[in-house]
Amino acid sequence: MKKWYNFLSTINLILIYSFGISTIKSFGLRNTNESLLIYFIKEKSKTSNEIISEEDYMKSLMFKEIYSIFNIGSPKQNIKFYYEMNEIASSISQEFYFPKRSTTLKLIENKKNSNISQELFIFDENKKLDDFIFYLKGKFDSNKQKNFNSLGLGYIKNDSKFSFISNVHKKGYIYKKVFSFLFGDDAFSDNRAYDGQILIGSYPHDISPYFNELDLNFISLKDEEKWIIEFDSVKYNDQELKDKSAKLDVNLNIMIGPEQFRKKLISSLFYEFIENGKYQEHSFISDKDGQTYLFYTFDNNIRLKNIPNLSFFSKALNETFKINIATLFRKFKEKYYFNVLFSKTPKNIWVFGQQFFNTYNFVFDLDEGKIGYYKIIIKYSGMFITLLCIILSAALFGFCYLRAYLQVSKEKNQNQNRQMYYPIRKEYMNQQKEVNKEIKNEKDDKPKKE
């Protein structure tokens, strides 16, 4: 049964990948060999109907990792790979991959906890990497946590044999060493079986007319490997915060905040709930990085008042990124969970996840070590303006017509009312009295019958 499932998954992936390439053609890509468009899926959560503790719920909520499925080795093994933005090297776990079954696996270097290996990586029948370099790990790491398969998308100034995108570029499958994640309406095609796409090798504006190169601004990285934005200003409730670095992590489902922000919340937004005993502090150890994180829950009957603002300004990106604090509260099992985590070992960095990617469009350039951002600008085309004028004119005409119709109806009703209730003129009444008097006199003059 498992073999049939793997076979069907492989066929499905090939069909979807082919569909992705054809979609690029329809948008006018110069050459289909210049980029790869790969579908990804978000890891599904299974906690909605389960009775679990607050710690287990937040632990399951922390990451909603995205992955794609590829074939590895010969004979092929169907492998699920997660995308790791802030790691350079890729890795494969022996929990999901069987080295002894592959005839193309090569051991390059022995390490204590993992081996540097080389394997055949298959996109489709026409695109393959013969020298995919990765760390071959055991089923579990030194902390007894399960290892997973990953594709490293971290930045390094000089080409590295571990860089997945650099190796794809050397093979000639992509034009530039850039990538971007396309969620929701920004995806180049709509397929309900998948949650989005990763575009590797081209900028989105090279393919889609809905991305404008003139709206694209860049900020350079200060350090290698991590995709970190250094903001010029960070404000909470119009108060300046000192922590201005934010790491982008596409797999993070919520946010991670610095220690100063946690203290600000406790002394302001959370203060009333703490005083009233409607607040609880919890902690858990992450299965992924082994760190301990703090988080907060609140009673079901709390009411938020005077919700503060949280904003991040970047001069280079020409944007103020705003986060609505109210959207950071999530209700589950008659409790509110604040969807910002804090490291128990105080940190001075923010980490933004999928909520940030769903709102703002970024592109990551490994050639020049910079992050690009497509500024959100509401634009109105000539056709839109013309249509808007027609609609407004029609509405104005309809209003004037309705007003005139109501006025005519009103006057008509008034005329009817005048005919029904207007008093008889006095001269007509006096004339009628004279006539009635003459008739009476004539009757009086007639002789009476005996």
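Two strands count as paired if DSSP finds at least two bridges between them. Strands (E, at least two residues) and helices (H or I, at least four residues) are DSSP runs, numbered from the N terminus.

The model is predicted: local features need pLDDT of at least 70, side-chain atom pairs count only at pLDDT 80 or more, and totals for chains, interfaces and linings use all residues. Residues are numbered from 1 along each chain as its sequence is written, and side-chain values use heavy atoms, with hydrogens and water left out.

**Exercise 1. Describe the surroundings of strand 10.**

Step 1. Locate the partners. Strand 10 covers residues 196–200. Strand 9 (residues 178–183) is joined to strand 10 by five bridges, and the two run antiparallel. Strand 1 (residues 36–42) also pairs with strand 10 in the antiparallel sense, over five bridges.

Step 2. Find the residue of strand 10 that bridges to phenylalanine 183. That residue is glycine 196. Glycine 196 is also the bridge partner of phenylalanine 40.

Step 3. Check the cover. Five of the five residues of strand 10 are buried, where buried means under 20% relative accessible area, exposed over 50%, and partly exposed in between (1.4 Å probe, protein chains only). Gly196, Ile198 and Ile200 point one way from the strand, Gln197 and Leu199 the other way, and all are buried.

**Exercise 2. State where valine 178 lies and list its contacts beyond its neighbours within four places in sequence.**

Step 1. Valine 178 belongs to strand 9. With a relative accessible area of 1%, valine 178 is buried.

Step 2. A contact means heavy atoms within 4.5 Å. Leaving aside neighbours within four places in sequence, valine 178 touches Leu199, Ile200, Gly201, Ser202, Tyr203, Val363, Phe364 and Asp365.

Step 3. Take tyrosine 203 from that list. Valine 178 and tyrosine 203 are 25 residues apart in sequence, and their C-alpha atoms are 7.0 Å apart in space.

Step 4. Set this beside the whole protein. Of the contacts between residues at least 6 apart in sequence, 67% join residues at least 24 apart.

**Exercise 3. Work out the strand order of the open four-stranded sheet that contains strand 13, and identify its edges.**

Step 1. The order is 14-13-19-20, with antiparallel pairing. Strand 14 (239–240) and strand 20 (319–324) each have a single partner strand, so one side of each is left without a neighbour in the sheet.

Step 2. Inside the order, strand 13 (residues 233–236) and strand 19 (residues 309–314) pair over four bridges in the antiparallel sense. Lysine 235 has serine 311 of strand 19 as its bridge partner.

Step 3. Follow the chain from strand 13 to strand 14. The loop between them holds asparagine 237, which has a positive phi of about 55 degrees although it is not a glycine. Asparagine 237 counts as partly exposed at 40% relative accessibility.

**Exercise 4. Trace the pairing of strand 18 with strand 17 and strand 22.**

Step 1. Strand 17 (residues 279–285) runs antiparallel to strand 18 and is joined to it by seven bridges. Phenylalanine 284 stands opposite tyrosine 293 in strand 18. Their hairpin has six residues between the strands, and glycine 290 takes a positive phi near 75 degrees there.

Step 2. Strand 18 pairs with strand 22 in the antiparallel sense over five bridges. Leucine 294 stands opposite phenylalanine 342 in strand 22.

Step 3. Strand 18 (residues 292–298) is mostly covered, with six of its seven residues buried.

Step 4. Look just ahead of strand 22. Lysine 333 sits in the loop between strand 21 (329–332) and strand 22 (335–343). Lysine 333 has a positive phi of about 50 degrees although it is not a glycine, and with a relative accessible area of 47% it is partly exposed.

**Exercise 5. Find the cis peptide bond that involves proline 75, and place it in the fold.**

Step 1. The cis bond joins serine 74 and proline 75, with omega about -5 degrees.

Step 2. Proline 75 lies in the loop between strand 2 (66–72) and strand 3 (77–84).

Step 3. For the wider setting, the protein has eight helices and 25 strands. Of its 450 residues, 43% count as buried.
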